[in-house]
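Reader: Hi! I have a new model open and would like to talk it through with you. Could you show it here first?

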Amino acid sequence: MAKPSIYAVARGRACGLFTSWQECEKQIKGYPDARYKGFADVAAALAWLNGETNAAKAEPQGSARRAPAAPRPHAPRESCAAEAATAPADYTIYTDGSCLKNPGGPGGWAIVACDERTGTLLEKSGGHPETTNNRMELTAAIEALAFAPAGTRVALYTDSQYLKNGLTKWLAGWKRRGWKKADGTPVLNRDLWEQLDALTRTHAISYHWVKGHRGNPRNERCDTLARGEAMKFCR
């Protein structure tokens with residue numbers, strides 16, 4: 001059996017998807033009747049999470065103990081985009097990816113996330129010994145959306161046109177053509193795009209592009225963290 005790479009929490013301190021057991025454990029350890037499960041991919045985790053949501057809604061009135069509400073089922077992408085454009089974000093998250101020798105060299109990804117409701121700032125990063133810059137950019141976005149609980153509003157910042165255009169302009173066409181580009185060639189990094197596609201449907205997201213290396217503090221911090229993760233493979 002494949003080792004879980006993502007964890008879904010339907011009943012815990014915070015509900016949603018988490019990309020490490022440590023983060024999942026924080027939500028469920030010591031929580032009465034916690035409900036969670038590990039999965040090998042995002043799509044399966046989302047299917048289970050939505051199933052748990054529906055089951056909670058169907059619980060008969062008058063039962064001994066009603067469960068805390070699980071995240072709402074995803075809304076259509078158009079509705080999410082409209083909501084994100086008109087409502088303040090719950091989370092503002094900057095993302096970045098780096099690859100020291102592109103393609104095929106060591107790389108890193110990083111996010112700097114602000115919980116706008118509390119002002120709490122969190123940094124998270126990781127890397128891979130042999131990757132590409134684009135894969136690290138996509139991984140950073142996946143980690144960002146997995147970090148934000150399902151059903152929240154996210155302002156996602158990136159200096160990657162590949163990531164922003166893929167999510168806002170190209171993705172729908174790729175899917176209509178069976179994951180083919182307009183010229184008929186296969187979409188690169190399909191595995192990561194599929195994960196992102198699933199995650200975007202659980203949030204209301206506004207997308208923002210920032211020019212890299214132009215002094216934006218959180219963008220610069222993401223770059224430093226991502227490069228630092230890549231450098232770990234050179235020691």
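Author: Happy to. One term before we start: a residue is buried when its relative accessible area is under 20%, and exposed when that area is over 50%. Asp 223, at 12% relative accessibility, therefore counts as buried. Keep in mind that this is a predicted model.

Reader: Good to know. How confident is the prediction, as an average pLDDT?

Author: The average pLDDT is 84, and 84% of the residues score at least 70. Residues 57-86 are the stretch to watch, with pLDDT below 50. That stretch still has 44 contacts in the model beyond near neighbours in sequence. Where pLDDT is low, the predicted coordinates should not be read in detail.

Reader: Noted. How many helices and strands does the protein have?

Author: There are seven helices and eight strands. Of the 235 residues, buried ones make up 45%. Among contacts with a separation of 6 or more, 66% are between residues 24 or more positions apart.

Reader: Back to Asp 223. Which residue does UniProt list with Asp 223 as a "binding site"?

Author: Asp 96, according to an unreviewed UniProt entry. The two span 128 residues in sequence, but their C-alpha atoms are no more than 5.9 Å apart, so they gather at one spot.

Reader: Where does each of them sit, Asp 96 and Asp 223?

Author: Asp 96 is in strand 4, residues 91-99, and Asp 223 is in helix 7, residues 217-231. Asp 96 is buried too, with a relative accessible area of 2%.

Reader: And what is Asp 223 in contact with, neighbours within four places aside?

Author: Asp 96 and His 213. His 213 lies in the loop between strand 8 and helix 7, and is exposed, with a relative accessible area of 51%. Its backbone deserves a look as well: His 213 has a positive phi of about 60° although it is not a glycine.

Reader: Nice catch. Which other residues does UniProt give as a "binding site" along with Asp 96?

Author: The unreviewed entry also places that feature at Asp 96, Glu 137 and Asp 159. These three are spread over 64 residues of sequence, yet they cluster in space, with a largest C-alpha distance of 9.0 Å.

Reader: Are Glu 137 and Asp 159 buried or exposed?

Author: Both count as buried: Glu 137 has 3% relative accessibility, and Asp 159 has 18%. Glu 137 is found in helix 4, while Asp 159 is in the loop between strand 7 and helix 5.

Reader: What does Asp 159 touch, leaving aside its neighbours within four places in sequence?

Author: Its contacts include Asp 96, Glu 137, Trp 209 and Asn 219. Glu 137, for its part, is in contact with Asp 96 and Asp 159, and also with residues including Thr 158 and Leu 163. The contacts of Asp 96 include Asp 223, Glu 137 and Asp 159.

Reader: Switching topic to the hydrophobic side. Which residues touch the most other members of the largest nonpolar core?

Author: Leu 17, Ile 93, Trp 193 and Leu 196, in a core of 38 residues. Helix 4 gives the largest share, seven residues. The core draws at least three residues from each of domain 1 (6-54) and domain 2 (91-232). Another core lies apart from it, with nine residues, among them Val 112, Tyr 157, Leu 225 and Ala 226.

Reader: Trp 193 caught my eye. What is in contact with Trp 193, its neighbours within four places aside?

Author: Among its contacts are Leu 138, Tyr 162, Leu 167, Trp 174 and Trp 179. Trp 179 lies in the loop between helix 5 and helix 6 and counts as buried at 10% relative accessibility. Phi of Trp 179 is near 60°, a positive value in a residue other than glycine.

Reader: Last one: where is the cis peptide bond?

Author: Check the bond from Asn 102 to Pro 103, where omega is near 0°. Pro 103 is found in the loop between strand 4 and strand 5. While you are looking at side chains, there is also a polar contact of 2.9 Å between those of Ser 206 and His 208. Ser 206 is in strand 8, residues 204-209, and is buried, with a relative accessible area of 16%.

Notes:
Residues are numbered from 1 along each chain as its sequence is written. This is a predicted model: local features need pLDDT of at least 70, side-chain atom pairs count only at pLDDT 80 or more; totals for chains, interfaces and linings use all residues. Side-chain values use heavy atoms; hydrogens and water are left out. pLDDT is the predictor's confidence in each residue, from 0 to 100. Contact means heavy atoms within 4.5 Å. UniProt positions are given in the numbering used here, feature names are shortened, and annotations may be inferred rather than shown by experiment. Helices (H or I, at least four residues) and strands (E, at least two) are DSSP runs, numbered from the N terminus. Buried means under 20% relative accessible area, exposed over 50%, partly exposed in between (1.4 Å probe, protein chains only). A polar contact is a pair of N or O atoms within 3.5 Å; within protein, one must be able to donate a hydrogen and the other to accept it, and residues adjacent in sequence count only if both atoms are side-chain atoms. A nonpolar core is a set of buried Ala, Val, Leu, Ile, Met, Phe, Trp, Tyr and Cys residues joined through side-chain atoms within 4.5 Å. Domain bounds come from an automatic or database domain assignment.
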